[in-house]
Amino acid sequence: MAARKSKLKRIAICTGGGDAPGLNAVIRAVVVAAHRHGWEVVGIREGYSGLLDPQGSRDLIRLRPEDVAGITHLGGTILGTTNLGNPLKYPVKLADGQVVERDRSDEVLRAFKRERIDALVAVGGDGSLGIANTLSRKGLRVVGVPKTIDNDLESTVVTFGFDTAVSFATECIDRLHTTAASHRRVMVVEVMGRYAGWIALNAGVSANADAILIPEIPYDLARVAEAIQERERRGQRYAIVVAAEGASPRGGRESVIERRVGASDRLGGVGASVAAELGRLTGKEARHAVLGHLLRGGTPTTFDRLISLRFGAAAVRALAAGKSGVMVALDPPTVRYVPLARATRRMKSVPLDSDTVVTARELGISFGD
Ligand code: F6P
């Protein structure tokens, strides 16, 4: 957490990795707050690809306060992004057509020098902040901002994007209650979240699910089927099951739909298989719905907008104070700074004794265990 107070003239902001609602609010806060210090801000287009392969639309763009007016409420990122631009594992095509991963972090550092960029605000999840940590260890001045709908980053109470994803998932599950009840069906809703169950848990409890399957608690569908049948005996002839994409059966693995060089595994498919199996076990009609990228789109909630603006402004405050190698973290009622190395050390899973898990159990929600 070195403090270097040498004068900054030009800083960059990078929003690589999966997008999350609130990214544009962070960009606006960084640009406007940095402008007040007299710093120039450039946005790196499409993650680090904008530095490594600067061609066509992939490049650096100057961001002045007038360029970021009116974007706080917009989903996505005006800089564009990619999940394939990790400079530590950059996909490179060889002459024989084979694609391999290469560490191009030194090239990123050289590009920063070439572009006269003094410091970086890296907005990202575990992957992008891990890259930021490496760049920081190699000498770049970096401040991280925690982004991800998955909420799986340590050292911050919450990441921006999570509240929007949970709110939308809750609304969708609310809507599924009436169709499930009308048809007396089992309705399985698959939500994103990667290897953590935060979205499934929070949305499932808020929307009165009957069962919630999360990666932290391997499930046994026979137990879920029992819970559905018990509910049926009480006259409730439909059921809602929320399945996190990373949930896995006891003794089994999560469902992967694609493996790509230079990128994380794509998860998916658990909703369909759980619905089919629950249909077989309960004898009821079962259907599934996959919320997928709908959870990442749209307008950030007020909560996400506000923490995004606070995170962006706090990142600039950190740079102005000479901090580097830190991540802005929410620690209500304030924000604080934690070392990037600590923030990216391991994933934040749902603690099994967390109050929300205990509450779910007390409300009669099954975790299939
Ligand atoms: O990390 C955010 C996230 O939306 C995960 O919940 C999901 O598993 C993944 O990204 C999907 O990535 P992609 O947009 O590459 O399909």
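**Exercise 1.** In what order do the four strands of the open sheet with parallel pairing stand? Determine also which strands stand at the edges.

*Solution.* The model is predicted.
Step 1. Reading across this open sheet of four strands gives β9-β10-β8-β13, and the pairing is parallel.
Step 2. The edges are held by β9 (211–213) and β13 (286–290); each has a single partner strand, so one side of each is left without a neighbour in the sheet.
Step 3. From one strand to the next, the twist averages 20 degrees.
Step 4. Strand β8 (residues 186–191) runs parallel to β13 and is joined to β13 by five bridges. Within β13, H288 is the residue opposite V188.

**Exercise 2.** Identify which strands helices α5 and α8 lie across, and state the angle of each helix to β8.

*Solution.*
Step 1. Helix α5 (residues 162–183) lies across β8, β10 (239–244) and β13, and runs at about 165 degrees to β8.
Step 2. Helix α8 (residues 270–282) lies across β8, β9, β10 and β13, with an angle of about 160 degrees to β8.

**Exercise 3.** Describe the open sheet of seven strands, from its strand order to one pair of opposite residues.

*Solution.*
Step 1. The order is β3-β2-β1-β6-β7-β14-β15, with mixed pairing.
Step 2. Because β3 (60–63) and β15 (334–339) each have a single partner strand, they stand at the edges, and one side of each lacks a neighbour in the sheet.
Step 3. The twist averages 30 degrees from one strand to the next.
Step 4. Strands β1 (residues 10–14) and β2 (residues 40–44) run parallel and are joined by five bridges. Opposite I11 stands V41 in β2.

Definitions and conventions:
Residues are numbered from 1 along each chain as its sequence is written. This is a predicted model: local features need pLDDT of at least 70, side-chain atom pairs count only at pLDDT 80 or more; totals for chains, interfaces and linings use all residues. Side-chain values use heavy atoms; hydrogens and water are left out. Two strands pair if DSSP finds at least two bridges between them. Helices (H or I, at least four residues) and strands (E, at least two) are DSSP runs, numbered from the N terminus. Axes are lines fitted to C-alpha atoms, for helices over the stretch in contact, and angles run from 0 to 180 degrees between N-to-C directions. Contact means heavy atoms within 4.5 Å.
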